Amino acid sequence: MNNPFESDVAAQPPADPFGPSGAPHAEALVFSGRGAEYFGIWIVNLLLSIVTLGIYSAWAKVRRLQYFHRHTALGGAAFDYHGDPRAILKGRVIGVILLVAYNLSFEFSLYLGIAVAIVLAAVMPMLLMRSLKFRARNTSWRGLRFAFDGDERGAYSVFLMWPLLSVVTLYLLAPMWHQRMKRYQLDNTRFGATRFRLDVPVSAFYRMYGVLFLLLLAGLLVMGAMMVGLLALSGGGPESMSMLPILLFLGWLAVLMLVQPYLLARLQNVVWNNTRLGPHRFESRARARTLYAITLTNLIAIVCTFGLFMPFAAIRLARYRIESVTMISAGPLDDFVAGQSQDVAATGEEAADLFDVNIAL
């Protein structure tokens, strides 16, 4: 797929790919992954995960993330992922234990279930915060790692307080919760010694969720009308009623197909168009209609190939979303990276064992 910023990058003089010192210029993200290449990794990961009853899935996740990171480049340099599969496995074991405890507790007693739910609510923000730290600390570009400095107070605010407020207000505060969560994630993330900064008004999230609500409502109305029509044509007999669960599933799938591409495109644009990294800023030009086309053709291909097209679908989606983003650099990236390396070396980095767990977000 063509890079929307390819012509801008190609116009730069070859002798100085970063442009004049101090002059803003576009550096597009480039994704070089290939479906056939990734298929080999995907099928091996799938088979080994099945044979090992899911244990290998932690190593499979590392291989998958390494592939996508190492095939994503900015300024001619690829990203990298350094996660330890044992840490990911530990996180998954913790997640399974918590999930089983939650489900079984209600089998014994309602009060026990409520007590376990309270315990889960108390520990989950901490686990999610540590997961963000793990993911950032194990991501690098040009040999310099990212970091996440979010604290417990912020974690309990965005992962516990705001979700509860959203439920109490019948999700009227859900867009505000989403905005606070993205700010917590980005404002506490840094590359070297320079922090990211998200400056987006909450009104942008309310507009996004307003359109999303209308799309969801329209999809549900169409789905309901189709089901009523099909039941009326079939006479509402036992055979038609037995088809109702299948119709509900297909209808809900159609609604998701209508909602998800819009949400992916709009959220990506809202976040990255309002994000800065020190003096640098970002632009995202993802289009919902393009994502609709990619999602629909991916789904058709996956069904026709009995699932074997899934790795190709992942590559197609990743390529479009990644190459829709560009960095508007305020100056030479070489100078910026060199400065970050010096600052980090001067202040020091502490990994300790705080990064020894990864809970999937």
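The crossing of H5 and H6 is right-handed, and that is where I'll start. Keep in mind that this is a predicted model.

The general point is that a pair of packed helices is described by the angle between the axes and the distance between them. Here, H5 covers residues 110–137 and H6 covers residues 152–168. Their axes come within 9 Å and cross at roughly 115°. Angles of 65 to 115 count as roughly perpendicular, and H5 and H6 are therefore put in that class.

Which residues of H5 and H6 meet? On the H5 side they are Ala-121, Ala-122, Pro-125, Met-126, Leu-128, Met-129 and Leu-132. On the H6 side they are Glu-152, Ala-155, Tyr-156, Phe-159 and Leu-160. By type, 11 of the residues in this contact are nonpolar, one is charged and none is polar.

Next, a single residue, Asn-45, in helix H2, which spans residues 35–51. Is Asn-45 buried or exposed? Its relative accessibility is 8%, and buried means under 20%, so Asn-45 counts as buried. Apart from neighbours within four places in sequence, Asn-45 is in contact with Tyr-56, Ala-60, Arg-63 and Arg-64.

Last, confidence. The average pLDDT for the protein is 85, and 84% of the residues score at least 70. Among the elements, helix H12, residues 310–323, has the highest mean pLDDT, 98, and helix H1, residues 6–10, has the lowest, 41. Over residues 1–21 the pLDDT stays under 50, and the model has 30 contacts for them beyond four places in sequence. Residues 344–357 are also below 50, with 23 contacts in the model beyond near neighbours in sequence.

How values were computed: Residues numbered from 1 in each chain as written. Predicted model: local features only at pLDDT ≥ 70, side-chain atom pairs only at ≥ 80, totals over all residues. Heavy atoms only, no water. Helix = DSSP H or I, 4+ residues; strand = E, 2+ residues; numbered from the N terminus. Buried < 20%, exposed > 50% of the residue type's maximum accessible area, 1.4 Å probe, protein only. Contact = heavy atoms within 4.5 Å. Axes fitted to C-alpha atoms, helices over the stretch in contact; angles between N-to-C directions. Parallel < 35°, antiparallel > 145°, perpendicular 65-115°, else oblique. Left-handed = near helix turned anticlockwise from the far one by under 90°. Nonpolar A, V, L, I, M, F, W, Y, C, P; charged D, E, K, R; others polar. pLDDT = per-residue confidence, 0-100.
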